[in-house]
Structure formats: C-alpha cells, structure tokens
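Today I am opening my notebook on charged side chains. I want to see who pairs with whom, and who stays unpaired.

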Amino acid sequence: MSKIHIVSNRLPFSINRKEEDYSLKPSVGGLATGMKSIYKEYDGNWIGWPGLALDDLKADEVTKIEALLHKEKCVPVHLTNEEINLYYDGFSNNTIWPLFHYFTQYVDHSADYWEAYQLVNQKFADRAIEMAEDGDTIWVHDYQLLLVPEMIKSKRPGITVGFFLHIPFPSYEVFRVLPWRMELIKGMLGADLLGFHIYDYERHFFSCVRRLFGYEISFNQVHTEDRIVVADAFPMGIDYDKFHEASASIMQKPVQERSDLHRELEKYFLVSPERQLILSIDRLDYTKGIPHRLRAFRRFMQDYPEYRNKVTLIMLAVPSRGEVDQYQMLKKEVDELVGAINGEFGNINYTPVWYFYRSLPFENLVELYNSCDVALITPVRDGMNLVAKEYVASRTSHSGVIILSEMAGVAKEMGEAIIINPNNEEEIAESLKRALSMHICEQRERMIHLQDRIKRYNVFKWAREFVDALDRVKKVQSDLLAKKISDSIQQGMRKQYDKAKRRAIFLDYDGTLTHFHKNPQAAVPDQEVKDILKKLIADERNLVTIISGRDRATLEKWFDDMPINLICEHGVWLKKYDHDWEMLTAVKNDWMPFILPVLESFVDRTPGSFIERKNYSLVWHYRKAETELSEIRAKEIKEELTGLVGNLNLEIMEGSKVIEVKNGGINKGIAALQFIKNNGFDFIMAIGDDWTDEYMFRELPKSAVTIKVGIKNTSAEYNLESVNAVRRFLASFADE
Ligand code: ADQ
C-alpha cells in the first residue's frame, strides 16, 4: 500500500526537558488529532520541526530526541535560532500571516526573511523526499510551507502532493502587494490537490492564478503548462466526541473531584443564580478582534444597564508570538481596556471582565465551554475558528448561543449562530442582549442543528475527504495522461514514419510551435523552430504545412525563407510553397461593416483588448486585458454576436483568448482534407493546441496521428504537454 506522509511546521509532539532527560508530550490541537489518524493508518512519517533550536542542543541531545521521535514515526527538521527568527517569526508570521489576514499595514517585506523562507522550505522538502517513495502521497500543511509542494514535485513527479491552507487566502488586490507573489503561487501549484477551509479562499486563489499566470481554470481545475491542479474547499472539523464526552463526564463528577475552576464557577452561580456568563477564547492575536470585542462589551454595558452586575465576560487569551512588536502592543491595549471596563462598571461584588492571559488544560476549557451561556467569537479575520465548534460540541445540555463574526470561515457552516460584523459595536451589543435573553427552546433548536452538522463533519471525516479527493485527482490526471506519448508510442510512430513514402505534416503555429505572446505580432518564429522545420522539409517525402488562424501577410513574411505550405485564416487561403495564394472556398467580407462596430464597442469597454482585421475574418483579442473582466466580456460578446451572425452565414469561433467572426463552412478540418485529397499520403500527422484544431483531428482519416498540445479533453489521439514538448518531439523526427 502506498503511504501518506505529513509535513507541517511543527511535529505533533513537543519535547519536555527535565534535567538530562527528555520526553515527548503529544499536541492536542486539531491538526495533530486529524492527521494522526491518517499517517498512522497509512504507515507514513510526520516531518516537522520539533520545537527546539538546534544551537541550544548538544549532539548527544539531538540523538536522544531523534530516537524518541523515531518511535513515533516523526522525522525532525532541525532549525537554528537564526532560521526560526527569519523563516518562522519573520516571513511566516511577519509577512504572510498579516498579509493573508488583510493586515497590510503590518506586513514586513524584508528580503532576509524571504531568503530564509526559501532555504527552510527546501529543508522540509528535502527531508520529505528522503522519506517518500514514488507512488506515496505527501500532505503538506499551512502557510509556513507554501513553497514545499513545488519543491517536491519538481524533483519527484511520481509523488502525489496535497496541500492544505489553514488561514484565509486573500483577494488578489491584497495578495498582489507581495514582491514574491509569483513564487508563492508557483510553490502552491506544485500540489495535485489544494485544500482551503471555504470556497471564498479557493476563489481568491483562482483569481490570483488567472491574473498572475493566465492559466485556464475550468470548474475547480487549473491547467498549468503540463499538469492539472485541483483546488477545493474542505471545512476543517474537530474531534466532536472527545469534547462532548469530556463535557458529559465532567458534569457528572462528584463535587469533591471537580477542578478548582469548576468549583469556583459553581460557587459563583450559587451566590447569584441570576448571573450569566459570556465566553471569549483565542490566542492573543490581532486577527482575533479582541479589543473590538471588549469595546463592544463596554457598549453593551452602556446601552443595556439592566445587565450590569448580572453578566460577566470571561476572556481567555493564550499568549502568542510575544516577541513581535504588534503582539506586545495588542497585549497592552487589551490590558488597558479590561482595566477601564472593570474600573467603570465594577464594584466590590462585581467584576465585569474576568481576564486570563494563559493557556488552560483541556478539562478547564471544556468546563468553561459547558458553563458559559454565550460564546462571543468575533475575529476580524479567521481561516476557520475551531473554538466555535468546540463550544458547540461541549454543550451537552443543548443550550447556549454563539455570536459569530462573518469574517471567520466557520460562519459559512453556522447559519444558526447570531452572525455579526466584528467592526460594528452596536450590532454586537444588540446581539449580546438578544443572546442573553433568547428563549431556551430557540437556543436548543439552533444548537441541535449545529451539533448535528459538527458531529457529522468531524476532523476525521475532514481528513478522510481530503485523502479521497486526492485519489479522485489522481484518476482525473491519469485519464488525461492516458493520451500522453510514451517512449514506446513514439517509437511506433517512428516506425510508421520511416516506412512511409509520402507524409503530410500539419502544424498549428501559436500555442503549438511557439508560446503565446501578449502582442500577437511579436510571436515571430525563433531559430529553434526554423531549424526544426528546415530539417523536416529537407526530407523530400515530407510535405509540411503550417495551418493557422493567422492572416496571409504575417505567415508569408515569417516563412518566406523556407519551402513550406501555408494554410491561413483557418482554411480560407492556401499557399503551396512554389505557388501563389489560392482561396479554398469562395468567401465574402461584405459583412464586416455590420460586425466591426460591435467589436469596437467591446474594445472601448475592455481596456487592453483590440481588434485584428484579417481579409475574411475579424478577431477580438483579449489576452492583454484584465482576466476576469475580459472573461465576462467574452461571454457578452458571444451572446451579442450570436444574434447577428445567423443571417450572414458567419461563425463565431472561440480560440485561446480570442473571439473570431468568420465565414461559415470553413475550418481547418475541411482545409486539411482538401489538401490531402488524391495525393496518396501514407503518413499523416496533425498537431494543434486549441479547439479550432479539433476540426482537423476529427476530419482527418482514422490512420492519421493527431496530437493535442496541453493536457485537455480532445478528440486527438495523443497529448503533448507543452510547446517545448512539441519541439522536442518534432526534433526527434527531424534529427534521425
Ligand atoms: P488558530 O488561529 O490557533 O488556528 P483556532 O482554530 O480557533 O485558531 O484554534 C485555537 C485552538 O486553541 C482551539 O483548539 C482552542 O481550544 C485552543 N485554545 C484557545 N484558547 C485556549 C486556552 N486558553 N487554553 C487552551 N487552549 C486554548 C489556525 C487558524 C484558524 C483555523 C485553525 C485550524 O488561524 O482559523 O481554524 O488554524 O485550521
């Protein structure tokens, strides 16, 4: 069975040092729980940083730690203090984290960080590659390792790579700010499957891919030059039963066995049974909107004085990234706000905000989830937010209300929560009032629905769905790759080719022999193409024809120094190398004055697009225009033209970033057929990249070798992945 290995910044254990002795402490986070089930089941390794700096360890300590980790099938990537400082605190947490959470003002673009990020990502990739064999899967996690998928794939294409991003993926307008935006996307595109928490992040990612790389995206598949990459949304879940069962058992414990915190809470309710508790739990991070929440609570105390002395906000903040300036400032702001609110509304018997700046043991966390009437979860940006799910899972009584920010990924799954805008203090204050006074029947109705969903789509299901989706991606890829020309297929073709006495070779130009250019007139044939063509032509048995949508003048100018046949404007014109141009079918161009104004109106409204006038067709080019706008415009233009072309016997053709209006009844297939008619060819080959070439693939005799460029659905018999592959393929015929 092929294995699944996990790569994440941290290993799922932390290392405890007691004098000379070391032990491992398992992490309890969501990722560790979900992934443990996978890497154990699939007999893989977990590759990650063990959490201690290499410079702080002696050689024998490293050996001891490695041995402990080895038993758990964990493979350490050791990092020095400097690497941690630049790669982790630096690029990961000071560049990507603020940028991806829309805090552009905090983004640090230090080149040192970027250097270290690349080097450390390479370390992770190398370690992962060492552990995996071809056919295995490596599942890479999160924003610290965005370059790893490509680093693995480029060295070992036989390994399947999955990637999951745990934080938001920002919109293009934010992402474009980064100097290394191309590199990050390229890194991610090394994966076969990319997972995001919600569709919005996936959509932003696609938008960046389209705009930065111009790759075609159909449904959720990105077609790169030589591969298909799939992206999808997988909302991460929690270990529901663990929280639910812990909560049930804690509540059944006899009083003397209960934790101090639990007893304190009970005492509090005993003294004032009317009191209600609001819970707020996060890492102390500027993305979590903690000051906004405190201000909203102050507003609530002001607007609804009847709740003073009756409602307490329990605010837990886990210390996080304390060495970073912004986090220190945040801590100060939160301390001051808590002080101000308690000063303003508190008295000897009443403290409105109970503030804890520390991490709590699991049991206490569940007790709090269980005891608080309202969970106030108001991040300004959050990839998912598992606290909301943990609160739901712990509510064994089915009561309780969640107030949830629309900016958290989890809000998409929790329609039954009260959804708020975290910047709207008034709305949050009102929602607090609504939550605290919500009838118990309504609370239960909402909570039962939430529990149903979160229990079903738990962290194990989430991990399983990702792995199943990876299998489906492999199937899609292998179906498309089934047409790829292997060495043995190529040898077979070669035999046919050698035996043949008269060969017809049809070659499309743009996207087949040469890459697309933003300016079509710049796509002049380079020396390599010319050399390949010349060698093919030098064999007397070969009749080589460039078959293109281009106009006569351009093709003639580019190929006037070689004895080659030309078919242009998709089959309107033919020029045998020693003859004049002839028209294959009688066509007209008196329709142009009707169509031209329509195209012009689209040029005016789509900056960067332009019109090419050929003798017998008009082309609207939009490769240079802004991608998303031009795709909308392309749909509009087709709709508008469809109403006009019917009566004029015209056709609308959609090529690669072009819409062409031309005479009906003409295409590359008809032209190629006319050309080979009665000519006794015993070897026919056609290569092309877009759907205008599909006519050729369909019309030519079954015995013809038809080849589509790019991994796409096609009626051609074979696939070559790129222009470069076409050149190599043709050169191999030309050379021998
Ligand atoms: P985080 O930003 O860490 O995760 P979150 O998903 O809420 O955010 O997870 C926090 C975890 O810490 C929870 O499991 C919670 O129980 C625990 N925790 C919080 N306060 C605690 C305390 N005082 N003591 C002990 N434990 C405490 C990132 C992304 C999220 C995404 C997750 C998972 O930022 O958006 O949901 O990854 O993909």
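Before I start, one cut-off: I call a residue buried when its relative accessible area is under 20%, exposed when it is over 50%, and partly exposed in between. I also remind myself that this is a predicted model.

**Entry 1: counting pairs.** Side chains of opposite charge can pair when their charged atoms come close. I looked up how many salt bridges there are, and the count comes to 52.

**Entry 2: Lys389 and Glu413.** I began with the salt bridge between Lys389 and Glu413, where the closest N and O atoms are 2.8 Å apart. Lys389 sits in helix H14 (residues 386–394), while Glu413 sits in the loop between strand E16 (401–405) and strand E17 (418–420), so this pair ties together parts that are 24 residues apart in sequence. Are these two buried or exposed? I checked, and both Lys389 and Glu413 are buried.

**Entry 3: Glu636 and Arg605.** Next I found a salt bridge between the side chains of Glu636 and Arg605, at 4.0 Å from N to O. Here helix H22 (residues 627–645) supplies Glu636 and helix H21 (residues 592–605) supplies Arg605, so the pair joins parts that are 31 residues apart in sequence. Glu636 has a relative accessible area of 29%, so I noted this residue as partly exposed. Arg605 is partly exposed too, because its relative accessibility is 38%.

**Entry 4: Lys662 and Glu651.** I then turned to Lys662 and Glu651, whose side chains meet in a salt bridge of 3.0 Å, N to O. Lys662 belongs to strand E26 (residues 658–663) and Glu651 to strand E25 (residues 650–655), and the two are eleven residues apart. How does each one sit? Lys662 is buried, because its relative accessible area is 3%. Glu651 comes to 24%, so this partner counts as partly exposed.

**Entry 5: a network.** Which residues are linked in a network of salt bridges? I wrote down Arg210, Arg211, Glu626, Glu628 and Glu631.

**Entry 6: a negative patch.** Last, I looked for charges gathered on the surface. I found a patch of negative charge there, made by Asp55, Asp56, Glu82, Asp112 and Glu115. I picked out Asp55 for a second look: this residue is in the loop between strand E4 (46–49) and helix H2 (59–71). Its relative accessible area is 48%, so Asp55 is partly exposed. A patch residue must have over 30% relative accessible area and no salt bridge, so the 48% of Asp55 fits that cut-off.

Conventions. Residues numbered from 1 in each chain as written. Predicted model: local features only at pLDDT ≥ 70, side-chain atom pairs only at ≥ 80, totals over all residues. Heavy atoms only, no water. Patch = residues over 30% accessible without salt bridge, like charges linked within 9 Å, V, L, I, M, F, W, Y side chains within 5 Å. Areas by Shrake-Rupley, 256 points an atom, 1.4 Å probe, with all protein chains shown as cover. Lys, Arg positive; Asp, Glu negative; His and termini not counted. Charge placed at Lys NZ, Arg CZ, Asp CG, Glu CD. Helix = DSSP H or I, 4+ residues; strand = E, 2+ residues; numbered from the N terminus. Buried < 20%, exposed > 50% of the residue type's maximum accessible area, 1.4 Å probe, protein only.
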